[in-house]
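Please open the model in your viewer and keep the selection box handy. We will go from stop to stop, picking a few residues each time.

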Amino acid sequence: PGPTCGAAHGGRRIRSRSLAHAGMILHEYLYGKVQPQAIWDTASGTPSLQRQPVVRSPAAAKASRYASQTLLPKGYPSSVTPDYLSFQVWDSLQALCSYVRGSIVTKALLVAIGVGEANATALGATYQYFVKDFTSMMLGIVLASHQGSRFDSQAKQWRLTADVVNDVGMTLELACGVFPRYFYLPLAVLASCCRSVTSLAADSTRVTLTQHFAISDNAGDISAKERTQETMVNLVGMISGVLLIRVVNESQLYTWAWYVFFTAVHVVANYKAMRCLHLKSLNGDRLEVLFNEYYHHNRTLTPAQVAALEPLFTKLPPWTAFLSIARSLVDLCCSLLGVQWNRAWRVSMGNPIRTPLNFPSSKRHPLSMASLASFHAKHRYSIVGDERTRVLHVLLSPTATKATELDAYVHALYYQATLPAVAYGDTAAHQQARTWMQINAPFFRESLQSSGWDTNKILLGKGDVRMEWQAEDRKKA
């Protein structure tokens, strides 16, 4: 036989024929499948067309094909990223644990609210539901207004936060059945607030993850199939939860034992799901891992390699907020006691400077206002350090591009890596940093692109402040 020719037609079955005198066989490809399926062939030695017998698929193959069409996006696996299936498996497992626990918690809530007791009234139950729902809605509004942009830059951390906070909320709801009746409303309000955070964070990060998976402009199909998967997991979870309720009956020991078990599986599954995600966007945490590897070992990691090293639990937003408050309290105590605390430098990009800064008087010093203004005009960014708060302020020009933001953040990371060994005002250290950036920044950007990173998607959680250096008016001065 002669050379073969493959044809694809959007996954629909098409007829293909083979002409002996043309010396070719036309195969049918199902979109997303690797192996072709020959429908027509020719008898050897004759130019006539003869159809091959059609082999019927067995029942198992039909069921598998139907399940694939129902649960997986069209064209899977070539229509989604390679990490799609592993993420969905772990995500389905954690969802199953949530629904099983939900049945246990619902029973505890009904008991706590007074179902089955003669003195319980519908009006009292309505008032309690109103208070906890109103509080959770207000919290959702406040959270969306303050953390909206971080759902993109910290999608993994916020997704993990949503599930951890959900665990806390469900634990509080389960505790409602243990504590006396007058503890019900405070615990229920706190649990409802946790549910509000979970709903907002999960829904917001789902959009980011869907866009990551959709490499064939099929975000709608992926969302629809995810809903189908969620519905099927819900059904299995509800049935399992009802059976589990009958097993534990009224035993508090068995109830809490099963709840702790499913909660532990839920946390592990969520952690595994986040580790499976190979996001190609560049946020502060991933860029810090990439820079440290490039600076110390002169190599650039791929998204899959960074996914295994990216900090997750240590960068959860509630934990970082707690550390920020603790850092402020320690700063206050050190300033009152006159003690200097040499902590690590941190980077702040695009945010206003709220403390007065001191600049060297010599114009030749790299940290003088004249030198910074000249650097800012040429590179469209500048970096100013505050030794008291140990913050590196990255000042972006109004004309700064994505490449500018990347270079500026890498420049700040270089300072962050080298400043612990030298004083901030060291002239040679700043000259060395600018020289390193001039030589290595172009190569670093190219290595990021060649390693699979999307350098057009820079999500550094920066503020909206842009700055320009202006010469002082001598007459007014």
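Does Asn298 count as buried or exposed? Select this residue in the predicted model and switch on a surface: Asn298 counts as exposed, because its relative accessibility is 59%. Its location is the loop between α9 and α10 (303-309). Now check the backbone: Asn298 is not a glycine, yet its phi is positive, at about 55°. Most residues other than glycine have a negative phi, and most peptide bonds are trans.

**Two more backbone stops**

Next, select Arg380, in the loop between α12 (369-379) and β8. Here too phi is positive in a residue other than glycine, near 65°. Arg380 is partly exposed, because its relative accessible area is 32%.

Then jump to Tyr76 and Pro77, which are joined by a cis peptide bond with omega of about 10°. You will find Pro77 in the loop between α1 (59-71) and α2 (84-113).

**The sheet**

Return to β8 and show the strands as a cartoon. An open sheet of three strands runs in the order β7-β9-β8, with mixed pairing. Its edge strands are β7 (346-349) and β8 (381-386), each of which pairs on one side only. From one strand to the next, the twist averages 25°.

Colour β8 and β9 (residues 391-396) to follow their antiparallel pairing, which extends over six bridges. For a single bridge, pick Gly385 and look across to its partner in β9, Leu392.

**The largest nonpolar core**

Keep the sheet on display and add side chains. The largest nonpolar core has 37 residues, and those with the most contacts inside it are Leu282, Leu287, Leu290, Val394 and Val410. At least two residues of this core come from each of α9, β7, β8, β9, α13 (402-418) and α14. The element that gives the most to it is α13, with eight residues.

Which residues does Leu282 contact, leaving aside its neighbours within four places in sequence? Among them are Leu287, Leu290, Leu406 and Leu448, together with Trp453, Asp454 and Ile458.

Apart from this core lies another one, of 17 residues, including Leu109, Cys176, Leu244 and Phe262. Leu109 also serves as a landmark for Tyr184: their C-alpha atoms are separated by 8.9 Å, although the two residues are 75 apart along the chain. Tyr184 belongs to helix α6 (residues 184-213). Tyr184 is buried, because its relative accessible area is 3%.

**The aromatic rings**

For the last stop, display the rings of Phe, Tyr and Trp. There are 17 aromatic pairs in the count. Zoom in on Phe291 and Trp436, an edge-to-face pair with 5.7 Å from centre to centre and 75° between the planes. This pair links distant parts of the chain, with Phe291 in helix α9 (residues 284-297) and Trp436 in helix α14 (residues 427-450), 145 residues apart. Both Phe291 and Trp436 are buried.

Which aromatic cluster includes Phe291 and Trp436? Add Tyr294, Tyr295, Tyr414 and Phe444 to your selection, and you have the cluster that these residues form with Phe291 and Trp436.

Key:
Residues numbered from 1 in each chain as written. Predicted model: local features only at pLDDT ≥ 70, side-chain atom pairs only at ≥ 80, totals over all residues. Heavy atoms only, no water. Pairing = 2+ DSSP bridges. Helix = DSSP H or I, 4+ residues; strand = E, 2+ residues; numbered from the N terminus. Axes fitted to C-alpha atoms, helices over the stretch in contact; angles between N-to-C directions. Phe/Tyr/Trp six-rings, centres within 6.5 Å; stacked < 30°, edge-to-face > 60°. Buried < 20%, exposed > 50% of the residue type's maximum accessible area, 1.4 Å probe, protein only. Core = buried A, V, L, I, M, F, W, Y, C linked by side-chain atoms within 4.5 Å. Contact = heavy atoms within 4.5 Å.
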